[in-house]
Amino acid sequence: MKTVGMAADHAGYALKEELKSLLEEEGYKVRDFGTFSDESMDYPDVAHPLAKAVAGGDVDFGVAMCGSGNGISMTLNKHKGVRAALCWEPELAKLAREHNDANILSLPARFISTAMAKEILKAYLSASFEGGRHQRRVEKIDCD
């Protein structure tokens, strides 16, 4: 059973809860890093623990969201070994996995519907890293 880490700010809270249910129905174990309400909060407070869990192998991959998806993605990508991809349609999520070995799916909660978010997540889950020519590119992402 794979473990998925999840994180969202107040703008992404409701969507996180919907996607958490979908993941659990699909047989994934979910580790929820918060937030746990729609009360205003700062996305780095949940992004940093999720990124550490992904980079450290405590979870297999992550799903994160904030209003635009930008702030949480920027924060996640500060961590070595994390490749968070901001996706707003299924093909982007598929390519993020196949070509970039994205280990966190980031979503713009205020700009996509719940139905679209579910389709994006399903595309992400069904794809896998192709390796090959993409491997050397992925190896060049992290900085010292």
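Buried means under 20% relative accessible area, exposed means over 50%, and partly exposed lies in between. The model used in these exercises is predicted.

**Exercise 1. Burial classes**

Task: Classify Met1, Glu26, Asp101, Lys20 and Glu98 as buried, partly exposed or exposed.

Solution.

Step 1. Start with Met1, in the segment before S1. Its relative accessibility is 76%, so Met1 counts as exposed.

Step 2. Glu26 sits in the loop between H1 and S2. A relative accessible area of 52% makes Glu26 exposed.

Step 3. Asp101 belongs to the loop between H4 and S5. At 25% relative accessible area, Asp101 is partly exposed.

Step 4. Lys20 is part of helix H1. Its relative accessibility is 15%, so Lys20 counts as buried.

Step 5. Glu98 is in helix H4. With a relative accessible area of 11%, Glu98 is buried.

**Exercise 2. Neighbours of the classified residues**

Task: Which residues do Met1, Lys20 and Glu98 touch, leaving aside those up to four places away in sequence?

Solution.

Step 1. Met1 touches Gly27, Tyr28, Lys29 and Asp60.

Step 2. Lys20 touches Met6, Val30 and Asp32.

Step 3. Glu98 is in contact with Ala127, Ser128, Phe129, Glu130, Gly131 and His134.

**Exercise 3. Helix H4 against helix H5**

Task: Describe how H4 and H5 pack, from angle to residue classes.

Solution.

Step 1. Take the geometry. H4 spans residues 90-100 and H5 spans residues 114-126; their axes come within 8 Å and cross at roughly 25°.

Step 2. Name the arrangement. Angles under 35 degrees count as roughly parallel. H4 is therefore roughly parallel to H5.

Step 3. Give the hand. The crossing of H4 and H5 is right-handed.

Step 4. List the contact. H4 supplies Pro90, Ala93, Lys94 and Arg97, while H5 supplies Met116, Glu119, Ile120, Ala123 and Tyr124.

Step 5. Sort by class. The contact of H4 with H5 holds six nonpolar, no polar and three charged residues.

**Exercise 4. Helix H1 against helix H5**

Task: Do the same for H1 and H5.

Solution.

Step 1. The axes of H1 and H5 come within 10 Å, with a crossing at roughly 45°.

Step 2. That angle makes H1 oblique to H5.

Step 3. The crossing of H1 with H5 is right-handed.

Step 4. From H1 come Leu15, Glu18, Leu19, Leu22 and Leu23; from H5 come Thr114, Ala117, Lys118, Leu121, Lys122 and Leu125.

Step 5. The contact of H1 with H5 has seven nonpolar, one polar and three charged residues.

**Exercise 5. The nonpolar cores**

Task: Which residues touch the most other members of the largest nonpolar core, and which elements give two or more residues to this core?

Solution.

Step 1. The largest nonpolar core has 26 residues. Met6, Leu19, Val63, Met65, Leu105 and Leu107 touch the most other members.

Step 2. Strands S1 (3-8), S3 (61-66) and S5 (104-108) each give two or more residues to this core, as do helices H1 (13-25), H4 and H5.

Step 3. H5 gives the largest share, five residues.

Step 4. Look at Leu19. Not counting residues up to four places away in sequence, Leu19 touches Met6, Val63, Met65, Leu107, Ala117, Lys118 and Leu121.

Step 5. Apart from this core lies another, of 17 residues, including Ala7, Phe33, Val54 and Val82.

**Exercise 6. Backbone features**

Task: Where is the cis peptide bond, and which residue has a positive phi although it is not a glycine?

Solution.

Step 1. The peptide bond from Gly34 to Thr35 is cis, with omega near 0°.

Step 2. Place it. Thr35 is in the loop between strand S2 (29-32) and helix H2 (44-55).

Step 3. Asp101 has a positive phi of about 50° and is not a glycine.

**Exercise 7. Sequence distance and space**

Task: What are the C-alpha separations of Glu26 and Lys122, Met1 and Ile104, and Lys20 and Arg137?

Solution.

Step 1. Glu26 and Lys122 are 96 residues apart along the chain, and their C-alpha atoms are separated by 10.0 Å.

Step 2. Met1 and Ile104 are 103 residues apart in sequence and 18 Å apart from C-alpha to C-alpha.

Step 3. Lys20 and Arg137 are 117 residues apart in sequence, with 31 Å between their C-alpha atoms.

Conventions. Residues are numbered from 1 along each chain as its sequence is written. This is a predicted model: local features need pLDDT of at least 70, side-chain atom pairs count only at pLDDT 80 or more; totals for chains, interfaces and linings use all residues. Side-chain values use heavy atoms; hydrogens and water are left out. Axes are lines fitted to C-alpha atoms, for helices over the stretch in contact, and angles run from 0 to 180 degrees between N-to-C directions. Helices (H or I, at least four residues) and strands (E, at least two) are DSSP runs, numbered from the N terminus. Angles under 35 degrees count as roughly parallel, over 145 as roughly antiparallel, 65 to 115 as roughly perpendicular and the rest as oblique. A crossing is left-handed if the near helix is turned anticlockwise from the far one by less than a right angle, and right-handed if clockwise. Contact means heavy atoms within 4.5 Å. Ala, Val, Leu, Ile, Met, Phe, Trp, Tyr, Cys and Pro count as nonpolar, Asp, Glu, Lys and Arg as charged, and the others, Gly among them, as polar. A nonpolar core is a set of buried Ala, Val, Leu, Ile, Met, Phe, Trp, Tyr and Cys residues joined through side-chain atoms within 4.5 Å. Buried means under 20% relative accessible area, exposed over 50%, partly exposed in between (1.4 Å probe, protein chains only).
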